[in-house]
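Here are some exercises to work through with the model open beside you. Try each task before you read its solution.

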Amino acid sequence: PYMSGLFPAKLSDFGIISVKESELTENQIHIHPNPSSDFIELKSDFTTENLIVKIFNLYGSKLIDIPYTNKIDIKSLPSGIYFLEVNQQYWKFIKM
């Protein structure tokens with residue numbers, strides 16, 4: 001039967017046996033600070049020459065489209081959740 005509301009569950013009930021913070025691996029970008037209110041810094045483990053950084057909101061609207069840089073000004077963005085795209089890979093960050 002259909003149940004609504006809160007009910008107790010363990011991660012293993014959903015097939016999740018462990019949760020581990022991801023480490024910086026091949027083709028990854030680390031966004032710091034996250035969340036942030038004025039800028040984000042990007043650290044990558046791959047060549048960023050000639051790459052484009054795109055930032056999208058939750059609705060998929062592209063808000064920023066710039067050549068790759070290690071520091072991006074996000075002061076003009078409203079508070080919310082955003083997705084950063086580099087080389088057809090996506091990372092989430094939060095603007096406070």
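**Exercise 1. Confidence**

What is the mean pLDDT of the protein, and what percentage of its residues reach 70 or more?

*Solution.* Keep in mind that this is a predicted model. Start with the overall figures: the mean pLDDT is 82, and 73% of the residues reach 70 or more. Next, go through the strands. Confidence is lowest in S1 (residues 29-32), with a mean of 94, and highest in S5 (residues 71-73), with 97. Then look at residues 19-25, where pLDDT stays under 50 and the model has 5 contacts beyond four places in sequence. Low pLDDT is a warning that predicted coordinates should not be read in detail.

**Exercise 2. Layout**

Work out the order of secondary structure elements along the chain.

*Solution.* Count first: the protein has 7 strands and 0 helices. Reading along the sequence then gives β-β-β-β-β-β-β. For the contacts, take pairs of residues at least 6 apart in sequence; 46% of these join residues at least 24 apart. As for burial, 24% of the 96 residues are buried.

**Exercise 3. The core**

Find which members of the largest nonpolar core touch the most other members, and which strand gives the most to it.

*Solution.* The core holds 18 residues, and those touching the most other members are Ile29, Leu42, Ile55, Leu84, Val86 and Phe93. Now sort by strand: S1, S2 (39-44), S3, S6 and S7 each supply at least two residues. S6 gives the most, with 3 residues. Take Phe93 as an example: beyond four places in sequence, its contacts include Ile31, Ile40, Ile55, Ile74, Leu77 and Leu84. Grouping like this fits a general trend, as nonpolar side chains tend to be buried together in soluble globular proteins.

**Exercise 4. Aromatic pairs**

Locate the aromatic pairs and decide how each is arranged: stacked, edge-to-face or tilted?

*Solution.* You should end up with 2 pairs. In the Phe56 and Tyr90 pair, the ring centres are 6.3 Å apart and the planes meet at 50°, so call this one tilted. Phe56 sits in S3 (residues 52-56) and Tyr90 in S7 (residues 89-95), so the pair ties together parts 34 residues apart in sequence. Phe56 is buried, at 15% relative accessible area.

On to Tyr82 and Phe93: the centres are 5.7 Å apart with planes at 25°, so this pair is stacked. Tyr82 belongs to S6 (residues 80-86) and Phe93 to S7, so here the linked parts are 11 residues apart in sequence. Both Tyr82 and Phe93 are buried.

One more ring to check is Phe39: Lys71 lies over its face, 4.3 Å from the ring centre.

**Exercise 5. A loop asparagine**

Is Asn57 buried or exposed, and what does its side chain reach?

*Solution.* Place Asn57 first: it is in the loop between S3 and S4 (62-67). Its relative accessibility is 18%, so Asn57 counts as buried. The side chain reaches the backbone nitrogen of Tyr59 at 2.9 Å. Beyond four places in sequence, Asn57 contacts Leu63, Ile81, Tyr82 and Phe83.

**Exercise 6. Backbone oddities**

Pick out the cis peptide bonds and the positive phi angles in the loops.

*Solution.* Recall the background: most peptide bonds are trans, and most residues other than glycine have a negative phi. The His32 to Pro33 bond is cis, with omega near -15°, and the Asn34 to Pro35 bond is cis too, with omega near 10°. Pro33 lies in the loop between S1 and S2, as does Pro35. For phi, Asn87 is at about 55° and Gln88 at about 65°. Asn87 lies in the loop between S6 and S7, and so does Gln88. Gln88 has 68% relative accessibility, so it counts as exposed.

Key
Residues are numbered from 1 along each chain as its sequence is written. This is a predicted model: local features need pLDDT of at least 70, side-chain atom pairs count only at pLDDT 80 or more; totals for chains, interfaces and linings use all residues. Side-chain values use heavy atoms; hydrogens and water are left out. Rings of Phe, Tyr and Trp (its six-membered ring) pair if their centres lie within 6.5 Å; planes under 30 degrees apart count as stacked, over 60 as edge-to-face and the rest as tilted. Helices (H or I, at least four residues) and strands (E, at least two) are DSSP runs, numbered from the N terminus. Buried means under 20% relative accessible area, exposed over 50%, partly exposed in between (1.4 Å probe, protein chains only). A charge sits over a ring if NZ of Lys or CZ of Arg is within 6 Å of the ring centre and within 35 degrees of the ring normal. A polar contact is a pair of N or O atoms within 3.5 Å; within protein, one must be able to donate a hydrogen and the other to accept it, and residues adjacent in sequence count only if both atoms are side-chain atoms. Contact means heavy atoms within 4.5 Å. pLDDT is the predictor's confidence in each residue, from 0 to 100. A nonpolar core is a set of buried Ala, Val, Leu, Ile, Met, Phe, Trp, Tyr and Cys residues joined through side-chain atoms within 4.5 Å.
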